[in-house]
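Me: I am new to this structure and want to learn how to read it. Can we take one feature at a time?

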Amino acid sequence: MTHVRPARPHQKLTPDGRRMREVLSYSRRGSRFTPSQQEAWDAHSEGWVIPDEAVDEPDFSLASWFGREAPLIVEIGPGVGEATGVLAAARPDHDVLALEVWTPGIAASLAEVAAAGATNVRFCSVDAVWMLEHMVPEGGLAALWTFFPDPWPKTKHHKRRLVDRDFAAVAASRLAPGAEWRLATDWAEYADQMRAVLDAEPALSGGVVERWAERPVTKFERKGTEVGRDITDLAYRRR
Ligand SMILES: C[S@@+](CC[C@H](N)C(=O)[O-])C[C@H]1O[C@@H](n2cnc3c(N)ncnc32)[C@H](O)[C@@H]1O
């Protein structure tokens with residue numbers, strides 16, 4: 001029996017054929033590469049980037065893109081990959097799937113991964129919410145990382161925040177028992193929301209923790225600190 005997956009974001013149509021309005025945790029940004037991003041893309045995309053269309057294949061398998069079976073870690077929104085390469089290089093026995101909708105960010109991340117000497121990272125620019133829902137089985141994650149997700153500070157945009165009640169339930173269900181979800185933000189009020197939402201998720205236990213020493217400082221953390229914002233790290237485990 002062929003399993004038909006629901007359409008990916010940006011591909012959903014109304015019954016009369018118009019594009020459906022969707023609440024997404026990101027806005028479309030430019031897709032132009034700088035020369036160094038282009039160079040990294042040319043050198044590594046063939047081996048390390050899973051094209052969006054590949055996930056439409058009925059027999060899509062993550063293991064075949066990693067070339068092995070290994071415990072899976074997902075990073076949502078690596079940005080330019082400052083944390084990805086270092087954390088992945090320290091975990092050669094894990095596969096790291098980095099989901100980033102901004103392609104120049106993927107290109108920059110490829111360079112970071114190569115510089116860190118990691119070969120266990122694959123990138124895909126399909127919406128991470130959709131990917132977790134449809135490509136990762138329940139209990140399929142050894143860890144989940146979400147560092148500095150877009151804060152969507154305006155009240156009318158709060159509904160676009162990645163970490164909300166519905167997503168927390170999906171993410172918790174994808175974690176294996178005992179597996180950890182690590183988060184960080186420089187936006188105090190989003191940190192409060194994260195804690196409220198994750199505390200309320202019955203499958204998770206955890207809370208605010210000391211800064212994760214292993215987590216490299218990224219551009220977003222640096223910018224937040226420079227303007228005097230406190231950085232909050234959170235860690236929750238699947239019960
Ligand atoms: C504020 S940046 C943080 C980047 C990086 N983690 C850091 O600390 O510098 C958030 C990133 O998440 C990506 N993003 C937001 N929602 C996403 C989603 N649903 N799927 C994949 N990527 C997403 C955005 O494109 C953006 O690059």
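**Reading the model, feature by feature**

Reply: Start with A63, which touches R68 and E69, leaving out residues up to four places away in sequence. This is a predicted model.

Me: Where is A63 found?

Reply: A63 is in helix α2, residues 62-66.

Me: Is A63 buried or exposed?

Reply: Count C-beta neighbours inside 10 Å; 12 or fewer means exposed. A63 has 11, so it counts as exposed.

Me: What separates A63 from T84 in space?

Reply: Their C-alpha atoms are separated by 19 Å. Along the chain, A63 and T84 are 21 residues apart.

Me: Now give me a buried residue to set beside that.

Reply: Take L234, in strand β7, residues 232-238. The cut-off for buried is 20 or more other C-beta atoms within 10 Å. L234 has 21 such neighbours, so it counts as buried.

Me: Which residues does L234 touch?

Reply: Skip the residues up to four places away in sequence. Then L234 touches L183, M194, R195, L198, G206, G207, V208 and V209. Also compare sequence with space: L234 and A184 are 50 residues apart in sequence, yet 6.1 Å apart from C-alpha to C-alpha.

Me: Which residues show a wide separation in space?

Reply: Look at R21, in the segment before α1 (35-48). The C-alpha atoms of R21 and W48 are separated by 31 Å, with their places 27 residues apart along the chain. R21 is exposed, because 8 other C-beta atoms lie within 10 Å. P92 is another case, in the loop between α3 (82-89) and β2. P92 and E39 are 25 Å apart, C-alpha to C-alpha, and 53 residues apart in sequence. P92 has 12 C-beta neighbours inside 10 Å, so it counts as exposed.

Me: How do I read a strand?

Reply: Begin with the general idea. In a regular strand, side chains alternate between the two faces of the sheet. Next, ask about burial and partners.

Me: Why is strand β4 largely enclosed by the rest of the structure?

Reply: Strand β4 covers residues 141-147, and six of the seven are buried, so the rest of the structure largely encloses it.

Me: Which strands pair with β4?

Reply: Strand β1, residues 72-76, is joined to β4 by five bridges, and the two run parallel. Here I76 stands opposite T146. Strand β5, residues 175-185, is joined to β4 by six bridges, also in parallel. In that pair, F147 of β4 has A184 of β5 as its bridge partner.

Me: How does the chain get from β4 to β5?

Reply: The chain crosses through helix α6, residues 165-174. This β-α-β crossover is right-handed.

Me: Which other strands can I practise on?

Reply: Try β2 (residues 95-99) and β3 (residues 121-124), which pair in the parallel sense over four bridges. L97 has R122 in β3 as its bridge partner. From β2 the chain crosses through helix α4, residues 103-116, to β3 in a right-handed β-α-β crossover.

Me: What about backbone angles?

Reply: Look for a positive phi in a residue other than glycine. F148 is one, with phi near 55°. W152 is another, with phi near 40°. F148 is in the loop between β4 and α6, and W152 lies in that loop too.

Me: Are F148 and W152 buried or partly exposed?

Reply: F148 has 21 other C-beta atoms within 10 Å, so it is buried. W152 has 18, so it is partly exposed.

Me: Which residues come nearest to the ligand?

Reply: There are 22 residues around the ligand, and G77, G79, A128, F148 and T218 come nearest. The elements giving two or more residues to this shell are α5 (128-135) and α8 (219-226). By class, the shell has 13 nonpolar, five polar and four charged residues.

Me: Which residues have the most contacts inside the largest nonpolar core?

Reply: V74, L99 and L141 do, in a core of 60 residues. Follow L141 for detail. Beyond its neighbours within four places in sequence, L141 is in contact with L72, I73, V74, V136, R174, L175, A176 and A179.

Key. Residues are numbered from 1 along each chain as its sequence is written. This is a predicted model: local features need pLDDT of at least 70, side-chain atom pairs count only at pLDDT 80 or more; totals for chains, interfaces and linings use all residues. Two strands pair if DSSP finds at least two bridges between them. A crossover is right-handed if, with the strands pointing away from the viewer, the path from the first strand over the helix to the second runs clockwise. A residue is near a molecule or strand if its C-beta atom, placed from the backbone, lies within 6 Å of it. Ala, Val, Leu, Ile, Met, Phe, Trp, Tyr, Cys and Pro count as nonpolar, Asp, Glu, Lys and Arg as charged, and the others, Gly among them, as polar. A nonpolar core is a set of buried Ala, Val, Leu, Ile, Met, Phe, Trp, Tyr and Cys residues joined through C-beta atoms within 7 Å. Two residues are in contact if their C-beta atoms, placed from the backbone, lie within 7 Å.
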